[in-house]
Amino acid sequence: MILFLTTVVLIGLILINVPIAVAIGIVALGGLVLTPGGATLYDMAIALYSGATSFPLIAIPLFILAGNLMNTSGISVRLINFVSALIGFVRGGLGMVNIGVSMVFAEISGSAVADVAATGTVLIPEMKKRGYSRTLAAAITSSSASLAIIIPPSIPMILYGAIAEVSVLKLFVAGIVPGVLGGGLLMLVTYGLAIRYDLPRAEGFDLCHVWRSFKEAFWALTMPVIILGGIFSGIVTATEGAGLAVLAALVIGIFIYRDLDVSRLRKVMLEGVSQTGVVMLLVATSAALGLFLTQAQVPQHLAQQITEVTTNPLIVLALLNLLLLVLGMFLHGAAAIILVVPVVMPLVTAVGIDPIHFGIMVTLNLAIGQQTPPVASVLITSCSIAKSGIWETSRANLPFIGVLAFILLLVTYVPQVSLALTGYLQ
Amino acid sequence: MVATIEKLLLWLIETICLALLVTLALAVIYSTTMRYLGASPSWYDEIASVLLAWLTYFGAAYALFLRQHMSFGGLVTALPRQAAIALALLSECLVIGFFAVVAWYGNAVLAVAKWDSLLSIRWMTLDIVQSVIPVSAVLMIIGTLLTMPRALKNAAEGIDADHAEIEHAIAEAERDNADAALKEGHK
């Protein structure tokens with residue numbers, strides 16, 4: 001009953017356009033005042049502070065800053081040129097370039113909208129020029145950008161790791177196989193559509209051109225090597241990797257590509273500050289909500305009620321997928337993670353689901369959520385760039401959403417797909 | 001007068017946020033370097049967490065001045081003008097009310113927090129550290145009041161903040177691409 005009322009009030013507040021972070025705070029405040037228990041509004045004030053001090057979350061502002069620096073320092077254009085020289089000779093190559101670049105680039109910064117804008121404004125007009133329909137160009141850009149949510153580094157994974165208290169490194173590693181598999185399947189679908197619609201090759205294969213574009217993109221390519229190589233090899237932690245990413249992006253942007261000047265740097269940093277404030281206020285108010293929900297024992301009651309009906313992990317996973325898919329249609333990714341994960345974690349643990357496995361499921365659901373209106377910021381951004389209608393683009397997007405759904409089912413029911421590589425970390 | 005106050009406050013918050021972000025980045029890079037030199041700084045975990053909390057709240061205040069917090073404006077903007085304005089006003093009042101409570105209780109707990117201090121910097125008592133809650137809450141109330149006329153006007157005109165953000169991001173990216181192309185041309 002408490003969970004039902006909490007959900008209704010929260011949805012009501014969000015529908016009247018109260019910022020989601022504040023809506024969560026208001027529900028927490030009301031809950032603490034109205035339900036009997038030890039916690040008071042003094043505790044809420046303390047929770048609002050301590051909720052923003054979780055050490056793993058320090059990686060968030062730094063990855064956001066590094067991502068924004070990459071967005072503005074010409075790194076995206078160089079990556080596009082290199083990937084285009086490498087795989088552009090295949091039929092439908094520009095679509096594949098789009099997918100390849102998104103996999104490297106997207107979801108690093110805190111704003112999926114800014115990431116899609118950075119690559120989409122270069123690739124979508126070019127795709128339209130080469131005969132891609134505007135809906136197909138928008139659909140490829142949108143779905144590949146969303147898949148990138150499970151390819152490290154990923155802000156949603158850091159948020160999940162902090163809330164579920166699991167290793168961010170393990171989450172990053174667990175995302176690799178599903179991410180690469182999903183990218184490969186998206187490329188396969190694009191190839192099939194390219195044959196069907198007789199789409200052209202982006203450019204002929206020329207080894208000299210590949211070499212030239214590689215030299216141009218060399219420093220841009222060192223970014224993922226520095227970030228992921230450093231983190232996966234255990235040389236640095238995720239937070240330290242984020243710090244190094246900032247340093248590398250600064251050095252590349254200022255001294256090598258020389259695309260960053262003081263005014264642009266200031267603008268990029270302020271964008272990062274705002275994105276950090278948006279995500280982290282959600283985290284902080286959700287700590288207050290957690291205080292209320294724990295006092296009312298909501299997560300424990302939910303786990304108990306569901307496990308009384310079934311303890312079959314397959315059924316519980318299906319229910320959780322359904323819940324996350326519906327929520328993903330109406331909530332932004334970070335908000336959905338922050339709201340759902342603390343409530344369902346006791347249930348996840350009770351039926352013996354690995355929290356790392358569940359983390360990849362959560363992020364994949366959010367990837368699909370970014371493609372499904374009404375709240376589908378990545379899809380809407382792609383549509384705005386391509387100047388295509390949301391519903392027509394959604395139709396063109398169906399095969400790509402099908403790929404994301406297939407990967408979700410694969411990850412859900414074959415845990416080894418996400419967990420196999422994490423075994424090598426011990 | 002109101003515009004000048006808003007500009008001044010925004011400049012102040014921007015400056016604080018930039019200082020916090022740079023300090024946090026430097027602290028992480030310094031600590032990583034020192035760890036490899038075998039002399040990890042003992043203050044790192046605690047100070048970095050405090051910096052994150054401060055960046056969270058001043059960053060949130062900055063985002064509120066710019067009206068960039070995540071929200072769902074689809075329903076309000078689809079309503080008739082009068083209903084949209086009424087709901088937008090209700091939403092603004094709820095935001096102000098929430099931050100007023102946070103400011104009040106955030107300030108009240110400082111009386112207890114002053115008897116404790118950081119472990120790594122003993123002179124820095126926790127009331128200084130946790131003062132970010134009431135200070136930022138007051139800033140967010142002021143930010144809401146200063147930007148309320150624009151929010152109500154947008155609600156009346158059916159402008160969705162999400163769409164405005166998307167248009168802004170695309171325009172920014174197109175400008176960056178044009179700059180990059182111009183530079184390539186010069187080379």
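## Aromatic pairs

Over all chains, the structure holds ten aromatic pairs. The model is a predicted one. Two of the pairs are described below, followed by a ring cluster and a charge placed over a ring.

## The pair between chains

A:Phe55 and B:Tyr44 have ring centres 5.6 Å apart, and their planes stand at 90°; the pair is therefore edge-to-face, since an angle over 60 degrees counts as such. A:Phe55 sits in the loop of chain A between helix H3 (41–50) and helix H4 (59–72), while B:Tyr44 belongs to helix H2 (residues 44–65) of chain B, so this pair joins two chains.

The two partners fall into separate accessibility classes. A:Phe55 has 28% relative accessibility and so counts as partly exposed. B:Tyr44, at 7% relative accessibility, counts as buried, because buried means under 20% relative accessible area.

## A pair and a cluster in chain A

A:Phe218 and A:Trp219 also form an edge-to-face aromatic pair, with 85° between the planes and 5.2 Å from centre to centre. A:Phe218 is partly exposed, its relative accessible area being 36%. A:Trp219 counts as partly exposed at 38% relative accessibility.

Both residues belong to a cluster linked by ring pairs, which also contains A:Phe82, A:Trp211 and A:Phe214.

## A charge over a ring

Which residue lies over the face of A:Tyr257? That residue is A:Arg78, at 3.7 Å from the ring centre.

Note on methods. Residues are numbered from 1 along each chain as its sequence is written. Chains are lettered from A and ligands numbered from 1 in the order in which they are written. This is a predicted model: local features need pLDDT of at least 70, side-chain atom pairs count only at pLDDT 80 or more; totals for chains, interfaces and linings use all residues. Side-chain values use heavy atoms; hydrogens and water are left out. Rings of Phe, Tyr and Trp (its six-membered ring) pair if their centres lie within 6.5 Å; planes under 30 degrees apart count as stacked, over 60 as edge-to-face and the rest as tilted. Helices (H or I, at least four residues) and strands (E, at least two) are DSSP runs, numbered from the N terminus. Buried means under 20% relative accessible area, exposed over 50%, partly exposed in between (1.4 Å probe, protein chains only). A charge sits over a ring if NZ of Lys or CZ of Arg is within 6 Å of the ring centre and within 35 degrees of the ring normal.
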